[in-house]
Amino acid sequence: MEELLELYQTMGISPAVYAYGEKAISKLKDRFDAIDKIAEHNQAKVLRAMQKNKVSAACFVGTTGYGYDDFGRDNLERVYADVFHTEAALVRPQITCGTHALTIALSANLLPGDELLSPVGLPYDTLQEVIGIRPSPCSLAEYGVTYNQVDLLPEGTFDYEGIRKAINPKTKMVTIQRSKGYATRPTFSVTQIGELIAFCKNIKPDLIVMVDNCYGEFVEAIEPSDVGADMTVGSLIKNPGGGLAPIGGYIAGTKACVDRCAYRLSAPGLGQEVGANLGLMTSLYQGFFLAPTVTAGAEKGAIFAANLYEPLGFRCVPNATESRHDIIQAVELGSEEGMIAFCKGIQAAAPVDSFATPWPSDMPGYKDRVIMAAGAFVQGSSIELSADGPIRPPYAVYFQGGLTWYHAKLGILMSLQKMMDAGLITL
Ligand SMILES: *Cc1c(COP(=O)(O)O)cnc(C)c1O
């Protein structure tokens, strides 16, 4: 049998990079064991929901047109609601991406004169145009919804005094982003999010709390919906799609909020009754079934990356040892050249488009040039091994995904190899 190192060498990994990686992995056993425990818990949670709702071959039948009485679609929404412990869920291929799901949740539940509060600083780049922080046609601002923001304290914690002052009679909804997105702040644990929700609802009990759960699903044994979120929102080409969902988004929450989201997505009066599944149900069910293990593999990759890059002097968020609440790893590479080398490595390790060379360019929804590396089966899927980041200081690459831990590992080793080849590091 060909030795693994020999095999890797034929793929471009040098013995020095391989040895450096093995040394890092030898210290990660306990952390990987803990991740496996959470994956096992979440796998049981998903299985129980599928069994309770009697998932059968009838759920995988494709529908077209209006999609009235679409049993598979309706049952998938019951499965999601049971896993998230919510009254209702909207899970649809007609939700085109995470930004779209969040836009539906916001615009369905905010009316002219209402105010939206972000108590965790600036939201994710694409949401800034949705809210109108950066002007855009059809933003919430254009419809007379105002926005207020309380930044995190310098150490990355909640500014409770500032939040208390910011909540006013107009404040209708609070939006909490779990993951760091393109910022180098900490990602919040579900417990921390629960404390923040309790604090806000204590001041104003009728507040609606929405959590942007992108990249957070299945990283912990509980979700924001378990700690008081009225809407928990995410993308199916991230964690909950398990790599198989080719498109889609979800909103799990109270019946009152989800009903309004369904009216916003389709039309007032129609709501969840319409929306054909277009034959995608097998992928959406099977992807959700695989999501706990896929997420675990991606999380191992993120921890591995931090443990490779931090000792070389690159700041990592989260750092090599701290606990994880999403699958994103930010590595501050300090230069555009570093970002390009890192992304080249991720691209070269991909199963699809490994021969392409990533390069910085303008992207809709982002104000800086962005570099993206992805060689994915589903285009743009970031639960598959991918790296991206806006070209701006501190030149951080946001690395995430990997449908299997072994692929994530190879991708990260390859990124290190390209950094070494470019003369940016020495081992
Ligand atoms: C990815 C992401 C989004 C938006 O998702 P898209 O599917 O790219 O539109 C929103 N918020 C966070 C925190 C994200 O990571």
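Which residues is Q272 in contact with, leaving aside its neighbours within four places in sequence? In this predicted model, the partners of Q272 are R73, E77, A89, L90, R92, V258, D259 and A262. Q272 itself is found in the loop between α9 (255–265) and α10. With a relative accessibility of 22%, Q272 counts as partly exposed, because buried means under 20% and exposed means over 50%. A useful contrast is A34: Q272 and A34 are 238 residues apart along the chain, and their C-alpha atoms are separated by 38 Å.

Two of the partners of Q272, R73 and E77, lead on to helix α4, which spans residues 71–84. Helix α4 can be followed through its contacts with two other helices and with a sheet. The axes of α4 and helix α10 (residues 281–309) come within 10 Å and cross at roughly 15°. The two helices are therefore roughly parallel to each other, since angles under 35 degrees count as such. In passing α10, α4 makes a left-handed crossing. On the α4 side, the contact is made by G72, R73, N75, L76, V79, Y80, V83 and F84, and on the α10 side by M281, L284, Y285 and F288. Sorted by character, the residues of this contact divide into nine nonpolar, two polar and one charged.

Helix α3 (residues 29–52) meets α4 in another way: their axes come within 9 Å and cross at roughly 135°. That angle makes α3 oblique to α4. The crossing of α3 and α4 is right-handed. Here K45, V46, A49, M50 and K52 of α3 meet V79, D82 and V83 of α4. The residues of the contact of α3 with α4 divide into five nonpolar, no polar and three charged. V79 and V83 can be found again in the list for α10, where they also belong to the α4 side of the contact.

The next element is the sheet. Strands of a sheet pair through backbone hydrogen bonds, and the pairing can be parallel or antiparallel. In this model, an open sheet of seven strands follows the order β1-β7-β6-β5-β4-β2-β3, with mixed pairing. Its edge strands are β1 (88–92) and β3 (146–149), each of which pairs on one side only. On average, and with direction ignored, neighbouring strands of this sheet are turned by 20° against each other. Within the sheet, strand β5 (residues 208–212) pairs with strand β6 (residues 231–235) in the parallel sense over three bridges. One bridge pairs M210 with M231 in β6. Helix α4 packs on this sheet, touching β1, β6 and β7 (249–253), and the direction of α4 makes about 125° with that of β1.

A loop residue beside strand β4 comes next. S179 has its place in the loop between β4 (171–177) and α8 (190–203). Is S179 buried or exposed? With a relative accessible area of 4%, S179 is buried. Not counting residues up to four places away in sequence, S179 touches R185, T187, D212, C214, Y215, D326 and I328.

Further along the chain, a set of antiparallel pairings can be traced through strands β8, β9, β11 and β12. Strand β8 (residues 316–317) pairs with β9 in the antiparallel sense over two bridges, and V317 has A330 as its bridge partner in β9. Strand β9 (residues 329–332) is in turn joined to β12 by four bridges, and these two strands run antiparallel. Among the pairs, Q329 is matched with F399 of β12, while V331 has V397 as its partner there. The residues of β9 point in two directions: Q329 and V331 go one way, A330 and E332 go the other way, and all are buried.

Strand β12 (residues 396–400) is mostly covered, with five of its five residues buried. From β12, A396, Y398 and Q400 point one way, whereas V397 and F399 point the other way. Besides β9, β12 pairs with strand β11 (residues 386–390), in the antiparallel sense and over three bridges. The partner of D388 in β12 is Y398. Strands β11 and β12 form a hairpin with five residues between them, and in the turn Y395 has a positive phi of about 55°.

How values were computed: Residues are numbered from 1 along each chain as its sequence is written. This is a predicted model: local features need pLDDT of at least 70, side-chain atom pairs count only at pLDDT 80 or more; totals for chains, interfaces and linings use all residues. Side-chain values use heavy atoms; hydrogens and water are left out. Axes are lines fitted to C-alpha atoms, for helices over the stretch in contact, and angles run from 0 to 180 degrees between N-to-C directions. Angles under 35 degrees count as roughly parallel, over 145 as roughly antiparallel, 65 to 115 as roughly perpendicular and the rest as oblique. A crossing is left-handed if the near helix is turned anticlockwise from the far one by less than a right angle, and right-handed if clockwise. Contact means heavy atoms within 4.5 Å. Ala, Val, Leu, Ile, Met, Phe, Trp, Tyr, Cys and Pro count as nonpolar, Asp, Glu, Lys and Arg as charged, and the others, Gly among them, as polar. Buried means under 20% relative accessible area, exposed over 50%, partly exposed in between (1.4 Å probe, protein chains only). Two strands pair if DSSP finds at least two bridges between them.
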